[in-house]
Amino acid sequence: MTDPLHIPCPHCNGLNRIPAARLGDAPKCGRCKAPVLLNAPFELQQGDYASQIKGDLPLLIDVWAEWCGPCKSFAPIFEQAARQLSGRCRLAKLDSETNQQLAGQLGIRSIPSLILFRNGREVARQSGALPLPQLLEWLRSQGV
Ligand SMILES: [Zn+2]
C-alpha cells in the first residue's frame, strides 16, 4: 500500500486524499463532488494560490495576459500538455492583469512565465513559451 496523495480541488480548494491506484478513476472532490483531476488548465485566482500550490501532484502555472501575443499562441500548447499530463501534473493559468498582486509576489518580469510547484514550493521556472515536446521534456527533467 502506498500513502494516498493529497490533491487540492481546482473548484473549491478542498484538499482531497486520493489513493494513487484511484487516480485513473476520475476521482471526485469530497467537499464539492466535482472532478478533482482535469484534462484542461483551470483559471487560478490569487485568493486560491496558497491552497492550490499544496499537494503531491505538481502544479504548473502559466502566467499570461490578454494583450500578450506569445501568451495567446502558447495557450493551445498548454491545453495539449494538460490533456497529456492529466493525473501526473495539474495545470493552471494565472491572468497577470487581474492578479497583479500575486504576479508581483512571484516576481514575474516577462510573460509568458511558467512556474512549477510541488508540495507548496516553487521547484522550477521557465521564462517564455516552449513548443510542446520541449515543454514535456522540461517537465520530465523536473520529475513530472
Ligand atoms: Zn471541490
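Here is a chat about how the labels on this predicted model were assigned.

Me: What should I know about the numbering and the model before we start?
Reply: Residues count from 1 along each chain as its sequence is written, and side-chain values use heavy atoms, with hydrogens and water left out. It's a predicted model, where local features need pLDDT of at least 70, side-chain atom pairs count only at pLDDT 80 or more, and totals for chains, interfaces and linings use all residues.

Me: Which residues are the protein donors of the zinc ion, and what makes an atom a donor?
Reply: They're Cys9, Cys12, Cys29 and Cys32, each through SG, at 2.3 to 2.4 Å from the zinc. A donor is an N, O or S atom within 2.8 Å of the metal (3.2 Å for Na, K and Ca), so these sulfurs qualify. Water is not among the atoms, so sites may look incomplete. Along the sequence, the spacing of the donor residues reads C-x2-C-x16-C-x2-C. Cys9 and Cys29 link distant parts of the chain, 20 residues apart: Cys9 is in the loop between β1 (5-8) and β2 (15-18), and Cys29 in the loop between β2 and β3 (42-44). Strands here are DSSP runs of E with at least two residues, helices are runs of H or I with at least four, and both are numbered from the N terminus.

Me: Why is the arrangement around the zinc ion called tetrahedral?
Reply: The four donor atoms subtend angles of 103 to 115°. Four donors count as tetrahedral if all angles lie between 85 and 135 degrees, so the label fits. For reference, the ideal angle for four tetrahedral donors is 109.5 degrees.

Me: How do you know whether Cys9 and Cys29 are buried or exposed?
Reply: Buried means under 20% relative accessible area, exposed means over 50%, and partly exposed is in between (1.4 Å probe, protein chains only). Cys9 comes out at 0%, so Cys9 is buried. Cys29 is at 1%, so that one is buried as well.

Me: How many aromatic pairs are there, and what makes two rings a pair?
Reply: Searching the whole structure turns up two. Rings of Phe, Tyr and Trp (its six-membered ring) pair if their centres lie within 6.5 Å; planes under 30 degrees apart are stacked, over 60 edge-to-face, and the rest tilted.

Me: Why is the pair of Tyr49 and Phe117 called edge-to-face?
Reply: Their centres are 5.7 Å apart and the planes sit at 80°, which is over the 60 degrees needed, so edge-to-face it is. This pair links distant parts of the chain: Tyr49 is in helix α1 (residues 49-52) and Phe117 in strand β6 (residues 113-118), 68 residues apart. Tyr49 has 12% relative accessibility, so it counts as buried, and Phe117 is buried too, at 2%.

Me: And what makes the pair of Phe74 and Phe78 tilted?
Reply: The ring centres are 5.8 Å apart with planes at 45°, so this pair is tilted. Both residues lie in helix α2 (residues 69-85), four residues apart, about one turn of the helix. Phe74, at 1%, is buried, and so is Phe78, at 0%.

Me: How do you know that Lys93 lies over the face of Trp64?
Reply: Lys93 is 5.0 Å from the ring centre. The rule asks for NZ of Lys or CZ of Arg within 6 Å of the ring centre and within 35 degrees of the ring normal, so Lys93 fits the distance part, and it is listed as lying over the face.

Me: What is odd about the bond between Ile111 and Pro112?
Reply: That peptide bond is cis, with omega about 0°. Most peptide bonds are trans. Pro112 is in the loop between α3 (100-105) and β6.

Me: What about the phi of Lys33 and of Asn119?
Reply: Lys33 is not a glycine, yet has a positive phi of about 70°. Lys33 sits in the loop between β2 and β3, and at 54% relative accessible area it is exposed. Asn119, also no glycine, has a positive phi of about 50°. Its place is the loop between β6 and β7 (121-127), and at 45% Asn119 is partly exposed.

Notes
Four donors count as tetrahedral if all angles lie between 85 and 135 degrees; four count as square planar and six as octahedral if opposite donors are over 155 degrees apart and all others between 65 and 115; anything else is irregular.
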